[in-house]
Amino acid sequence: MDYAAQLAEEFHLKPPHVQNIIQLIDQGNTIPFIARYRKEMTGSCDDQVLRELAERLGYLRNLEGRRAEIRQSIDEQGQLTAGMAAALEKAGTLAELEDLYRPFRPKRRTRATVARERGLEPLADKLWQYRDTDGPLERVVRPFVDPARELPDGEAALAGALDILAERLADDAALRGRLRQLIHREGILRTEASGEADSVYRLYYDFSQPVSALPGHRILAINRGEREGYLKVRLEVEEAHAQALLCRRLPNVGAAARPLLERMCTDSWKRLIFPSLERELRSELTERADAQAIHTFGLNLRPLLMQPPLKDRVVLGFDPAYRTGCKLAVVDPTGRVLDTAVIYPTPPHNKIEEAKRVLTGLIRRHHVEVIALGNGTASKESEIFLAGLIRELPEPLSYAVVSEAGASVYSASKLGAAEFPDFDVSLRSAVSIARRLQDPLAELVKIDPKAIGVGQYQHDMPQARLGEALGGVVESCVNQVGVDVNTASPSLLGYIAGISGTVARNLCAYRDENGPFTARATLKKVKGLGPKAFEQCAGFLRIPGADNPLDNTAVHPESYAAAGKLLDLFGYRPEALARGGIPSLGQQAAAYGLARAAEACGIGVPTLEDIIAELQRPGRDIRDSLPQPVLRTDILSIEDLKPGMELSGTVRNVVDFGVFVDIGVHQDGLVHISRLSDRFVRHPSDCCQVGDVVTVWVLEVDVPKKRIALSMLDPSRPTPPAAGRTERRPR
């Protein structure tokens, strides 16, 4: 198979670029390295396209491997005809291949198997070819009656022969394909309650929807409800339409055999084909829903990781609790723990004044500017306490509510224990909460991405596939931002292209023993970091204050000579980079001509543009241009909400049916997909992403159930006819 040609057509890329990508992947290059430093070879493909292409390449190679296995198996059975070989070669999916292989696959003992053992295959052939001129059907059947083979009469012989024909129909690849299309086109998934108990699945106690229109979140909800025993699920298809397709496959037989074969079609459909296709469809729906959920999880995770850091601030992490007390941890701007404490301002202790004294002492002693409050148990009571204290203090102080998702996982992990062996689990959590506000990316990489909680039904996903996809998102974010090699944790370094967990630990051990790295070239001395690993990782590792200013940029060492030529071309010395960069370099290069400048430097235009961006602002953090986290000084309660109120909030999660927005009342409100925009919305991720600060209006508040319905459509403006059309369409 010509993989490059097929992938180029599917991804709308130039075949030479795809051929280069395949070659680079096969040479062991990482996706971040290819995306950043091989743009001329790939046509500047971004890392997401490269990952999708690599995944598709793996599928096609598996398809070819399976094609070869099936061809060999059929050939060994002596049944590989020219027609079958051509059909196998034409099959474009694993499902098509398996349909073709179905008649040749070793089967468990079936009714048709038993009938063949009793010598009824010739009778099945005679029935399939029966003509009225063959004489009465009884005469055709009579030779096969044999009590010794458990065939006491003609009825038993006919039944066995029809079982053989029913299995043949079920194994007919072309027929299965047409019936599969029928189910996709006309099938309806119906659910009902399996008992009297009320549950969160009550919406599906009497529910039906065409399978072609089922959104992913409903498929996953139905699957979970069925798995937990609350729902009964069945697939419905118009049997007459299926029967018509089956009968169309029948040969032109005599009148006596026609009713028997039509009965056989019904049996084949009900007993063999439909149950098989139903299982296949349910599996396909689940796989599609899983893929959509994993994609949404990745879309949510990226902006969460890429939230801008809160730099140069002393932060106090506040882990709220009731009985065991609220744990506090003060960290300096580099994340180093300065102090810890435990206070009891919440029930059942209610030691509010004592808690104020302790907290005020920490704030003044360490010059705390921001408090990071976890959003877990007792967070509302803790926020009320904090808001009251802030009003009393003369010092400027604010707080931000930080998601605790995964903090407990980190606290109880080996990594957490290794970082803070003398802290108990809850104190580690307070440190994690503070650091999440300071640098979300550096802290969240310590946690299994699946535990961060910005998706839907993540525990129902195929965990290996989810982990691989989310790991790719984390890797992409870490390499996009870059890492200070002298301060990064092993967890963060382990996501850098080309660096394994072992090499990451070796890097940290080397700097502990020999002091901070002063040049990228020194990285080659680290055990396990060979030439290939250095090539992959060097451009993503930063060394602030290095002797060579380029070591604190994303310029790869292989391009240092080109960067030097570029500086010479416009009359600059390398010392200019240490003084804050060369902001006018882009304009000068554009006036000179990018293609001309690239040729003079011996590189391509995409690489030249990347080098210019780095030389203009050495050591830049791409996250600094994003909106800063929302800091608060006062609290709003859910009881304060009234329909029509206009509020500002932060998007916390994006799911198939809408977005959840934190408006500062400790209960995220839901903006349904129909209220996101006055235009058609295919998926909520088309409108906003996690971390976006949005304006919303309160539609409805249910205080007992803690439900808040929000809208991003201004109620004072008329709603256009297009709004509300939220049926999910195929993407």
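Angles under 35 degrees between helix axes count as roughly parallel, and angles of 65 to 115 degrees as roughly perpendicular. The model in these exercises is predicted.

**Exercise 1. Get an overview of the protein.**

Start with the secondary structure: the protein has 30 helices and 15 strands. Next, take the extent. Along the principal axes, the C-alpha atoms fill a box of roughly 105 × 70 × 55 Å. Then look at burial: 48% of the 731 residues count as buried. Last, look at the contacts with a separation of 6 or more. Residues 24 or more positions apart account for 67% of them.

**Exercise 2. Determine how helices α5 and α7 are oriented to each other, and which residues meet.**

Step 1. Locate the helices. Helix α5 covers residues 47-76, and helix α7 covers residues 94-101.

Step 2. Read the geometry. The two axes come within 10 Å and cross at roughly 5 degrees.

Step 3. Apply the cut-off. An angle under 35 degrees counts as roughly parallel, so α5 and α7 are roughly parallel to each other.

Step 4. List the partners. From α5 come Y59, L63, R66, R67, I70, S73 and I74. From α7 come L94, L97, E98 and Y101.

Step 5. Sort by class. The contact of α5 with α7 has seven nonpolar, one polar and three charged residues.

**Exercise 3. Do the same for helices α29 and α30.**

Step 1. Helix α29 spans residues 594-601. Its axis and that of α30 come within 9 Å and cross at roughly 90 degrees.

Step 2. Angles of 65 to 115 degrees count as roughly perpendicular, so α29 is roughly perpendicular to α30.

Step 3. On the α29 side, the contact is made by L594, A595, A597 and A598. On the α30 side, V605, L608, E609 and I612 take part.

Step 4. The residues of this contact divide into seven nonpolar, no polar and one charged.

**Exercise 4. Examine some salt bridges, and state where the partners sit.**

Step 1. Begin with the count: the structure holds 54 salt bridges.

Step 2. Take D198 and R202. Their closest N and O atoms are 3.0 Å apart. D198 has 56% relative accessibility, so it counts as exposed. R202, at 47%, counts as partly exposed.

Step 3. Move to E353 and K356, whose closest N and O atoms are 4.0 Å apart. The two lie three residues apart in helix α16 (residues 352-366), which means about one helical turn separates them. K356 counts as buried at 14% relative accessibility.

Step 4. Turn to D439 and R623, which meet in a salt bridge of 2.8 Å, N to O. This pair links distant parts of the chain, 184 residues apart. D439 is in the loop between α20 and α21, and R623 is in the loop between α30 and β11. D439 is partly exposed at 25% relative accessible area. R623 is buried at 4%.

Step 5. Finish with a network. Salt bridges link R116, E121, D125, E167 and R168.

**Exercise 5. Find the surroundings of R511, and decide: is R511 buried or exposed?**

Step 1. Place the residue. R511 is found in helix α24, residues 501-514.

Step 2. Check burial and charge. R511 is buried, yet has no salt bridge. The nearest side chain of opposite charge is D512, 4.4 Å away. A salt bridge needs the nitrogen and oxygen within 4 Å.

Step 3. List the contacts. Leaving out residues up to four places away in sequence, R511 touches V485, N486, T487, A488, L493, P516 and F517.

Definitions and conventions: Residues are numbered from 1 along each chain as its sequence is written. This is a predicted model: local features need pLDDT of at least 70, side-chain atom pairs count only at pLDDT 80 or more; totals for chains, interfaces and linings use all residues. Side-chain values use heavy atoms; hydrogens and water are left out. Helices (H or I, at least four residues) and strands (E, at least two) are DSSP runs, numbered from the N terminus. Buried means under 20% relative accessible area, exposed over 50%, partly exposed in between (1.4 Å probe, protein chains only). Lys and Arg count as positive and Asp and Glu as negative; His and the chain ends are not counted. Contact means heavy atoms within 4.5 Å. Axes are lines fitted to C-alpha atoms, for helices over the stretch in contact, and angles run from 0 to 180 degrees between N-to-C directions. Angles under 35 degrees count as roughly parallel, over 145 as roughly antiparallel, 65 to 115 as roughly perpendicular and the rest as oblique. Ala, Val, Leu, Ile, Met, Phe, Trp, Tyr, Cys and Pro count as nonpolar, Asp, Glu, Lys and Arg as charged, and the others, Gly among them, as polar.
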